[in-house]
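Student: Please pick a single part of this model and take me through it closely. I would like to know where it sits and what surrounds it.

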Amino acid sequence: MVALAFDSKIAAIAQNHSSDMARNDYFEHENLRGLSPTDRGSAVDYDCIKTYDGYYTFGLAENIYQAWLYSSTTYINGIPIREWHSQEELAMLIVQGWMDSPGHMENILTDTYDRAGLGIAVSPDGKVYVTQDFC
């Protein structure tokens with residue numbers, strides 16, 4: 001298995017999607033204009049085409065995840081007290097969520113993907129939106 005290389009163009013596509021989901025409060029692979037990961041890549045002149053013996057593939061694969069900056073909220077006299085995740089806890093939560101899902105895990109472990117990018121955005125209410133795109 002080949003290690004995935006960081007690709008800044010893929011990361012920008014992923015970041016734009018995470019930011020859009022956080023800004024517009026939705027959680028889908030298709031954005032509100034109906035664009036898929038591959039469509040969003042093509043819109044910025046990034047096409048993922050791989051040629052193999054006798055066939056080719058076209059398009060970006062994508063994992064998304066939505067979490068919260070905090071693990072719990074307790075109210076004392078009507079005032080919310082949050083139990084905040086550390087960065088490490090949040091990263092582990094996201095990766096474990098993907099690895100517990102067969103489809104997401106398949107994207108991560110597919111050996112024909114050799115490039116990836118990640119984007120993270122946080123909404124005003126503390127939702128964390130993560131997009132991981134692969135080529």
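Tutor: Let me start with the vocabulary: helices (H or I, at least four residues) and strands (E, at least two) are DSSP runs, numbered from the N terminus. This is a predicted model, in which local features need pLDDT of at least 70 and side-chain atom pairs count only at pLDDT 80 or more, while totals for chains, interfaces and linings use all residues. Residues are numbered from 1 along each chain as its sequence is written, and side-chain values use heavy atoms, with hydrogens and water left out.

The part I have picked is Thr131, together with its strand. Thr131 belongs to strand β8, which covers residues 127–134. Its relative accessibility is 0%, so Thr131 counts as buried (buried means under 20% relative accessible area, exposed over 50%, partly exposed in between, with a 1.4 Å probe and protein chains only). Leaving aside residues up to four places away in sequence, Thr131 touches Ala14, His17, Ser18, Met21, Glu62, Asn63, Ile64, Gly117, Leu118 and Gly119 (contact means heavy atoms within 4.5 Å). With Ser18 there is also a side-chain to side-chain polar contact from Thr131, at 2.8 Å (a pair of N or O atoms within 3.5 Å; within protein, one must be able to donate a hydrogen and the other to accept it, and residues adjacent in sequence count only if both atoms are side-chain atoms). For a sense of scale, the C-alpha atom of Thr131 is 31 Å from that of Gly54, and 77 residues of chain separate the two. The whole C-alpha trace spans about 65 × 35 × 25 Å along its principal axes.

Now step back to the sheet around Thr131. β8 takes its place in an open sheet of four strands, with mixed pairing and the order β1-β7-β8-β4 (two strands pair if DSSP finds at least two bridges between them). The edges are β1 (5–6) and β4 (61–68), each of which pairs on one side only. Eight bridges connect β4 to β8, in the antiparallel sense. Across that pairing, Trp68 stands opposite Lys127 in β8.

Lys127 leads on to the charged pairs. With a relative accessible area of 16%, Lys127 counts as buried. Lys127 makes a salt bridge with Asp25, and their closest N and O atoms are 3.0 Å apart (a side-chain nitrogen of Lys or Arg within 4 Å of a carboxyl oxygen of Asp or Glu). This pair links distant parts of the chain, 102 residues apart: Lys127 in strand β8 and Asp25 in the loop between α1 (8–24) and α2. Asp25 counts as exposed because its relative accessibility is 52%.

Glu62, one of the residues that Thr131 touches, has a charged partner too. Glu62 and Arg40 form a salt bridge, with 2.3 Å between the closest N and O atoms. The two residues come from distant parts of the chain, Glu62 from strand β4 and Arg40 from helix α2, 22 residues apart. Both Glu62 and Arg40 are buried.

Helix α2 (residues 37–43) also holds Thr38. Thr38 counts as buried because its relative accessibility is 17%. A polar atom of the Thr38 side chain lies 2.9 Å from the backbone nitrogen of Leu60. Beyond residues up to four places away in sequence, Thr38 touches Phe58, Gly59 and Leu60.

There is more charge pairing beyond this. Lys50 forms a salt bridge with Asp114, the closest N and O atoms being 2.7 Å apart. Here 64 residues of chain lie between partners from distant parts: Lys50 in strand β2 (residues 49–52), Asp114 in the loop between α4 (102–109) and β7 (115–122). Lys50 is buried, since its relative accessible area is 10%, whereas Asp114 counts as partly exposed because its relative accessibility is 31%. Both belong to a salt-bridge network that links Asp7, Lys50, Asp114 and Arg115. Six salt bridges are counted under this definition.

As for the setting, the protein has four helices and eight strands, following the pattern β-α-α-β-β-β-β-β-α-α-β-β along the sequence. Of its 135 residues, 38% count as buried. Among contacts between residues at least 6 apart in sequence, 60% join residues at least 24 apart.
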